[in-house]
Amino acid sequence: RHIFLLLALIAIFVRVPALGEFMTVDEPNCMVRSGEYYDKLFTQLDPSGTYVTTHPGATLNWIAGAGIALREAQLGKGVDTSNITDFRVYALVPVVLVLSLLIAAVGIYCMRLFGRGAGWLSALFLVFDPYLVGLTQIVHVDAFLALSMATAMLAFLWSLKMQGKQRTKHLLVSGLFAGFALATKMLPALWLFPIMTAYLLWDNGRGVVAQWQFIVRTLGLLFGTTMLVFVVLWPALWSQPDGLHKPIARDTANVITDEHVALEVAEDPIEPASFYGRTFLGRVTPAVQILVIISVVWLFYNAFVKRQFSRIDWLVLYSVGFLVGISLIAKKSDRYGLPALVMFLIISGPVLEFFLRKFLAKAKTVYVAVIIAILLLGQLVMWSPYAIAYNNPLFLNVRPLSQQGWGEGLDAAARWINEQPFDERLHIASWYPSVIENYFEGRTFSLSSREDHRVGYVVTYRNMGGRAQDT
């Protein structure tokens, strides 16, 4: 319990300093949706109104919406895109608290599965990884999905080491977090079920009737708990379960077949086959890349030489299989690969610990762990407050331009313009106006209005090179 609280506090500590310093382009919509979620459910008593998208984003809506509802009660007005700054901190605080608790939960399961030393190393990678830090400082769904999936997978593996009530307890925990993941982003969360089933069949499928009964009971409890949590978290299913299958099928088909608007005619179009390989090169730190490559080599050695798989091998399969699966989907973004990137951080702990034990005396490994923590913190400080923009220094331009920025940095541009001699009657035209207008003291137009005579400054953005020209 003390270790759990310590990990959560450290995670909070490294995320709070830059909280609210920047904004991504999707956050205003996420905040408005979260506010509407509570309004529909508790004010209008209309559970069907909680259907906004088939994401469905319900986990985020519950957590961010709680803070927004509190602020709405204080101000006596609802959240909308014109007053986002009045609600931002109230939405961010519960999000960061819950995500930090999730990181701590993942760390605890790592310690149980791999031992305290390896678990601590995994936890340190999770706490200090710059890209993950950035994605846990915003009001968005991807960090909830990745950490919920990781917790579900690790709890599942741990449950199979337990017996009796302890096995049931941790299997229920796995189902709980699988339900969280499903209620956050339905389509990618489904990957949990084939990988869990495959592991269970590999671990127990020997043709013995008793083992097959155990497999069926285990999967039944797991899937049953998952679906129960999913239905509880998404109230739209309470009132119109039969009416949702058509929009879910339509939206799922769109995600699978439609890429982001006009990327195919952009200056730097996405290359689908290599996209998530480039994400791995660009978003993962060099040390973790080396450890992940070692783990993949380890997997092949175990598979073809030793003819066996370890739990770490299965986590490698979880990560690589997830990236392969989402590579087949047309709509792509770096952050969509986060469930795999988070598992890479987890894998790195036991791999690093193996080499530390092999080449260093046990007493020295503690000092090495402290040095690693300091180095990780230093790396994070170098990127603050824009940890979300992290790019591996060894592969600076490996990612397509469309992925190089999500609105972060426009706040700095707005602050700079605010400090210039500026006629208050003049306005600015900007890429991502919904972001910069929250920091600029004047009026903001979209970039398509840049020829308007009232526009005094035009703000462009790096990822424009990855999009089609505006019209």
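Is H55 buried, exposed or partly exposed? Keep that in mind while you get the whole chain on screen; we'll select H55 before the tour is over.

**The overview**

You're looking at a predicted model. Colour it by secondary structure and you'll find 20 helices and three strands. Switch to colouring by accessibility: of the 471 residues in the protein, 53% are buried. If you like contact maps, take the contacts with a separation of 6 or more; 76% of them join residues 24 or more positions apart.

**Stop 1: helix 1 against helix 5**

Select residues 2–15 and 116–128, which are helix 1 and helix 5. Their axes sit 9 Å apart, at an angle of about 25°, and that makes the two helices roughly parallel. The crossing is right-handed. Now show side chains. On the helix 1 side you want I3, L6, L7, I10, A11, V14 and R15; facing them from helix 5 are R116, W120, A123, L126, V127 and F128. Sort that contact by class and you get eleven nonpolar residues, two charged and no polar ones.

**Stop 2: helix 3 against helix 4**

Next, pick residues 58–75 (helix 3) and 84–114 (helix 4). Here the packing angle is about 145°, with the axes 8 Å apart, and the crossing is right-handed. Helix 3 brings L60, I63, A64, G67, I68, L70, R71, E72, Q74 and L75 to the contact. Helix 4 meets them with D86, F87, Y90, A91, P94, V95 and V98. The class count for this contact is twelve nonpolar, two polar and three charged residues.

**Stop 3: helix 7 against helix 8**

Move on to residues 142–159 and 164–184, helix 7 and helix 8. With an angle of about 160° and axes 8 Å apart, the pair is roughly antiparallel. The crossing is left-handed. To see the contact, show F144, L145, S148, M149, T151, A152, A155, F156, W158 and S159 on helix 7, then R167, H170, L171, V173, S174, F177, A178, F180, A181 and T184 on helix 8. By class, that splits into 13 nonpolar residues, six polar and one charged.

**Stop 4: H55**

Keep T184 displayed and add H55, since T184 is one of the residues H55 contacts. You'll find H55 in the loop between helix 2 (27–43) and helix 3. As for the opening question, H55 is partly exposed, because its relative accessible area is 32%. Leaving aside neighbours within four places in sequence, H55 is also in contact with R33, L182, K185 and M186. Then run a distance from the C-alpha of H55 to that of I248: it comes out at 8.9 Å, though the two residues are 193 apart along the chain.

**Stop 5: helix 14 and R283**

Select residues 275–283, helix 14. Seven of the nine residues of this helix are buried: F275, Y276, R278, T279, F280, G282 and R283. What covers them includes helix 6 (130–135), helix 15 (286–306), helix 16 (311–327) and helix 17 (338–359).

Zoom in on R283. How does an arginine here score for burial? R283 has a relative accessible area of 6%, so it counts as buried. Show everything it touches, not counting residues up to four places away in sequence: Y131, D334, L341, I388, A389, Y390, R399 and Q403. Which backbone oxygen lies 2.8 Å from a polar atom of the R283 side chain? That of Y390.

**Stop 6: Q379 and N392**

Y390 leads to Q379, since the two residues are in contact. Q379 lies in helix 18 and is buried, because its relative accessible area of 19% is under the 20% cut-off. Leaving aside neighbours within four places in sequence, Q379 also contacts P130 and T285. Its C-alpha is 9.9 Å from that of Y390, eleven residues along the chain.

T285 is the link to the last selection, as N392 is in contact with T285 too. N392 is in the loop between helix 18 (362–383) and helix 19 (410–418). Despite the loop setting, N392 is buried, with a relative accessible area of 0%. Beyond its neighbours within four places in sequence, the other contacts of N392 are L281, G282, V284, P286 and Q289. G282 takes you back to helix 14, where it is among the buried residues.

How values were computed
Residues are numbered from 1 along each chain as its sequence is written. This is a predicted model: local features need pLDDT of at least 70, side-chain atom pairs count only at pLDDT 80 or more; totals for chains, interfaces and linings use all residues. Side-chain values use heavy atoms; hydrogens and water are left out. Helices (H or I, at least four residues) and strands (E, at least two) are DSSP runs, numbered from the N terminus. Buried means under 20% relative accessible area, exposed over 50%, partly exposed in between (1.4 Å probe, protein chains only). A polar contact is a pair of N or O atoms within 3.5 Å; within protein, one must be able to donate a hydrogen and the other to accept it, and residues adjacent in sequence count only if both atoms are side-chain atoms. Contact means heavy atoms within 4.5 Å. Axes are lines fitted to C-alpha atoms, for helices over the stretch in contact, and angles run from 0 to 180 degrees between N-to-C directions. Angles under 35 degrees count as roughly parallel, over 145 as roughly antiparallel, 65 to 115 as roughly perpendicular and the rest as oblique. A crossing is left-handed if the near helix is turned anticlockwise from the far one by less than a right angle, and right-handed if clockwise. Ala, Val, Leu, Ile, Met, Phe, Trp, Tyr, Cys and Pro count as nonpolar, Asp, Glu, Lys and Arg as charged, and the others, Gly among them, as polar.
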